[in-house]
Amino acid sequence: MNSEKSTQLLSPADHFSVLLSPTPRGARLARLLATDWMRTRALPHRIAEAAEHLVAELAANAATHGRLPGRDFRLALLARDATLRIEVTDTRGDNLPRRRPPAPDAESGRGLLLVEALADRWGVKLGPVPRKTVWAELDLPNA
């Protein structure tokens with residue numbers, strides 16, 4: 001009998017994806033799941049903290065502005081090469097995010113300013129209809 005044994009270790013998954021309800025509870029769960037996934041990848045604290053804030057903001061936007069009854073939003077995290085990419089996809093491709101200066105006494109409206117400040121890059125990708133994906137990327141330090 002000839003059998004080979006492999007000593008190669010399997011690396012953690014380079015991506016994570018989940019469908020969540022477009023509610024405040026779904027947005028909170030997105031942040032908690034992202035935090036747990038990043039912990040398993042042992043990302044540097046600075047990157048993980050920025051990513052947690054980005055996930056929280058993008059998921060809250062999907063639950064607030066991208067909500068359609070009966071349709072979930074998707075959170076995806078992808079670590080490849082030297083980049084962590086956060087994607088939040090909802091079914092309101094007709095409602096694109098726009099950065100607007102908030103009124104000084106406004107209690108909301110600063111989310112995209114936060115995304116712009118924390119992310120190395122961010123943007124919006126349309127499709128397939130009726131979806132849109134808002135994404136943000138963080139550069140990972142060289143290993």
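## Overall layout

The protein has three helices and five strands. This is a predicted model. Along the sequence, the elements run in the order β-α-α-β-β-α-β-β. The C-alpha atoms fill a box of roughly 70 × 35 × 25 Å, taken along the principal axes.

Of the 143 residues in the protein, 36% are buried. Many contacts link distant parts of the sequence. Take the contacts between residues at least 6 apart in sequence: 64% of them join residues at least 24 apart.

## Helix α1

Helix α1 has 18 residues. From its first C-alpha to its last it reaches 26 Å, close to the 26 Å expected at 1.5 Å a residue. Its buried residues are Gly26, Ala27, Ala30, Ala34, Thr35, Trp37 and Met38. An α-helix has 3.6 residues a turn, so residues three or four places apart point the same way.

What covers the buried residues of α1? The cover includes β1, α2, β2 and β3. After α1 comes Ala42, and its phi is positive, near 55°.

## Helix α2

Helix α2 spans residues 45-65, which makes 21 residues. It reaches 30 Å from its first C-alpha to its last, close to the 30 Å expected at 1.5 Å a residue. The buried residues of α2 include Ile47, Leu54, Val55 and Leu58, along with several alanines such as Ala51 and Ala62. The elements that cover the buried residues of α2 include α1 (24-41), β2 (73-80), β3 (83-90), α3 (111-118) and β5 (132-139).

Glu57 also lies in helix α2. Is Glu57 buried or exposed? Glu57 counts as buried because its relative accessibility is 18%, and the cut-off for buried is under 20%. Leaving out residues up to four places away in sequence, Glu57 touches Gly111 and Val115.

## The nonpolar core

In soluble globular proteins, nonpolar side chains tend to be buried together. Here the largest nonpolar core has 33 residues. Which residues have the most contacts inside this core? They are Met38, Leu75, Leu77, Leu84 and Ile86. At least two residues of the core come from each of β1 (15-20), α1, α2, β2, β3, α3 and β5. Helix α2 gives the most, with ten residues.

Ile86 shows how separate stretches of sequence meet. Not counting residues up to four places away in sequence, Ile86 touches Ala51, Leu54, Val55 and Leu58. It also touches Leu75, Ala76, Leu77, Val134, Trp135 and Ala136.

## Ala79 in strand β2

Ala79 lies in strand β2. Its relative accessibility is 6%, so Ala79 counts as buried. Setting aside neighbours within four places in sequence, Ala79 is in contact with Asp14, Trp37, Arg41 and Leu84.

How many residues separate Ala79 and Met38 in sequence? They are 41 residues apart in sequence, but 9.7 Å apart in space, C-alpha to C-alpha.

## The largest pocket

Rolling a probe the size of a water molecule over the atoms shows where empty space is left. The largest pocket holds about 500 Å³ of space. It is lined by 26 residues, and the closest to its centre are Asn61, His65, Pro97, Arg100 and Leu112. The elements α2, β3, α3 and β5 each give two or more residues to the lining.

Which element gives the most to this lining? Helix α2 does, with seven residues. The lining is a mix: eleven residues are nonpolar, eight are polar and seven are charged. Helix α2 therefore appears in two roles, since it gives the most to the largest nonpolar core and the most to the lining of the largest pocket.

Methods
Residues numbered from 1 in each chain as written. Predicted model: local features only at pLDDT ≥ 70, side-chain atom pairs only at ≥ 80, totals over all residues. Heavy atoms only, no water. Helix = DSSP H or I, 4+ residues; strand = E, 2+ residues; numbered from the N terminus. Expected span 1.5 Å × (residues − 1). Buried < 20%, exposed > 50% of the residue type's maximum accessible area, 1.4 Å probe, protein only. Contact = heavy atoms within 4.5 Å. Core = buried A, V, L, I, M, F, W, Y, C linked by side-chain atoms within 4.5 Å. 1 Å grid on protein atoms, 1.4 Å probe; cavity = no way out; pocket = protein on both sides within 12 Å on 5 of 7 lines; lining within 4 Å. Points joined across faces, edges and corners; volume = space filled by probe spheres on them. Nonpolar A, V, L, I, M, F, W, Y, C, P; charged D, E, K, R; others polar.
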